[in-house]
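This briefing covers sheets, helix packing, salt bridges and a few local features of the structure shown below.

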Amino acid sequence: MSDFVQSLERGIAVLRSFDGEAPRQTLADVARATGLTRATARRLLLTLEHLGYARTDGKHFELTPRVLDIGYSFVASLNLTQIAQPYLEALSEEVAESVSVSVLDDTDIVYVARVPTKRIMTVAIGLGSRFPAYQTSMGRAMLAELADDEIVDVFERSDHTRTTPNTVTSADELLEHIAAVRADGWCLVDQELEAGVRSLAAPIRDATGAAVAAVNVSTHAGRTDLAQIHEFFAPRLLATVTSISDALARR
């Protein structure tokens, strides 16, 4: 493809090689993680350092907070978090649970807004956190907008390493869950991403009716039974996404 800029692809690969398991890396680490030569990895790392997106002590490299500007540009362009924030805060206060917004990025969801209360997951969740879409309520709420063959493709390409005994294990099983989401207008995931965590979500829609994001409420199975989720949480969640969608359409 003549318009494809390989150097940009390689630079992004270097940025994405840093994560929670590899926050600090040597030149050799980055070259190995990206499949680039040491010389290419070195040039890209030094360029990122010059631009302020990375720093080094002479041996190890790590990203700087300036990298957040890249992701924030996307969030700001949506104007979504600014519009949604007061509604999220009101919902969190009403249900006394954590509330989040995410967008779909290929096989994953990415958190773009969050109002935390009680910490119920062992994994830390912050803006930019990613999880497999098929395993999450927000992911399924957005996957329900896709054709079945597209959902199967997402499932097959997803990370299947983080599971619980409740996690769906086949594309057919996932499609059964998705059918329920389409019928109900919201999604419940019961202890599939993490044992003890129940999450429900519904999509935010723009003026055209397209799902651009999703809102979820997470709660602990030990204090919230399924009847409460259906009778108390779900109506309030649906009212919130309707309000956010209406406000987004008016912007």
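Arg24 counts as partly exposed, because its relative accessibility is 41%. The model is predicted. Arg24 belongs to a salt-bridge network that also takes in Arg55, Asp57 and Glu62. Two open sheets are described here: one has three strands in the order 1-3-2, the other six strands in the order 6-5-4-9-8-7.

**Salt bridges around Arg24**

- Across the whole structure, a search finds 15 salt bridges.
- Asp57 and Arg24 form one of them, with their closest N and O atoms 2.9 Å apart.
- Because Asp57 sits in the loop between strand 2 and strand 3 while Arg24 is in strand 1, this pair ties together parts that are 33 residues apart in sequence.
- Asp57 counts as exposed because its relative accessibility is 51%, whereas Arg24, at 41%, counts as partly exposed.

**Salt bridges of Arg157**

- Arg157 forms a salt bridge with Asp106, and the closest N and O atoms are 2.9 Å apart.
- This pair links distant parts of the chain: Arg157 lies in helix 7 (residues 148–157) and Asp106 in the loop between strand 4 and strand 5, 51 residues apart.
- Arg157 also forms a salt bridge with Asp153, with a closest N to O distance of 3.0 Å.
- Arg157 and Asp153 are separated by about one helical turn, because they are four residues apart in helix 7.
- Arg157 is partly exposed, with a relative accessible area of 42%.
- Asp106 is partly exposed at 46%, and Asp153 is partly exposed at 34%.

**The three-strand sheet**

- The sheet with strand order 1-3-2 is open and has antiparallel pairing.
- Strand 1 (24–26) and strand 2 (54–56) are at the edges with a single partner strand each, so one side of each has no neighbour in the sheet.
- From one strand to the next, the twist averages 30°.
- Strand 2 and strand 3 (residues 60–63) are paired in the antiparallel sense over three bridges.
- Within this pairing, Ala54 stands opposite Leu63 in strand 3.
- Helix 3 (residues 38–51) packs on this sheet and touches strand 2 and strand 3; the direction of helix 3 makes about 105° with that of strand 2.

**The six-strand sheet**

- The sheet with strand order 6-5-4-9-8-7 is also open, and its pairing is antiparallel.
- Its edges are strand 6 (130–132) and strand 7 (187–190); each has a single partner strand, so one side of each is left without a neighbour in the sheet.
- The twist in this sheet averages 30° from one strand to the next.
- Strand 4 (residues 98–105) pairs with strand 9 (residues 211–220) in the antiparallel sense over five bridges.
- Ser102 has Ala214 in strand 9 as its bridge partner, and Val99 stands opposite Val217 in strand 9.
- Strand 8 and strand 9 run antiparallel and are joined by nine bridges.
- Pro203 also has Ala214 in strand 9 as its bridge partner.
- Strand 8 and strand 9 form a hairpin with five residues between them, and Gly209 in the turn has a positive phi of about 95°.
- Strand 9 is mostly covered, with seven of its ten residues buried.

**Helices on the six-strand sheet**

- Helix 5 (residues 80–95) packs on the sheet and touches strand 4, strand 5 (108–115), strand 8 (197–205) and strand 9; the direction of helix 5 makes about 70° with that of strand 5.
- Helix 9 (residues 226–250) lies across strand 7, strand 8 and strand 9, and runs at about 25° to strand 8.

**Positive phi outside glycine**

- Ala96, in the loop between helix 5 and strand 4, has a positive phi near 60° although the residue is not glycine.
- Ala96 counts as partly exposed because its relative accessibility is 37%.
- Gln191 is another residue other than glycine with a positive phi near 60°, and Gln191 is found in the loop between strand 7 and strand 8.

**Nonpolar surface patch**

- Val5, Leu8 and Ile12 make a nonpolar surface patch of about 270 Å².
- Leu8 is found in helix 1 (residues 6–16), and Leu8 counts as exposed because its relative accessibility is 52%.

Conventions: Residues numbered from 1 in each chain as written. Predicted model: local features only at pLDDT ≥ 70, side-chain atom pairs only at ≥ 80, totals over all residues. Heavy atoms only, no water. Patch = residues over 30% accessible without salt bridge, like charges linked within 9 Å, V, L, I, M, F, W, Y side chains within 5 Å. Areas by Shrake-Rupley, 256 points an atom, 1.4 Å probe, with all protein chains shown as cover. Salt bridge = Lys/Arg side-chain N within 4 Å of Asp/Glu carboxyl O. Buried < 20%, exposed > 50% of the residue type's maximum accessible area, 1.4 Å probe, protein only. Pairing = 2+ DSSP bridges. Axes fitted to C-alpha atoms, helices over the stretch in contact; angles between N-to-C directions. Contact = heavy atoms within 4.5 Å.
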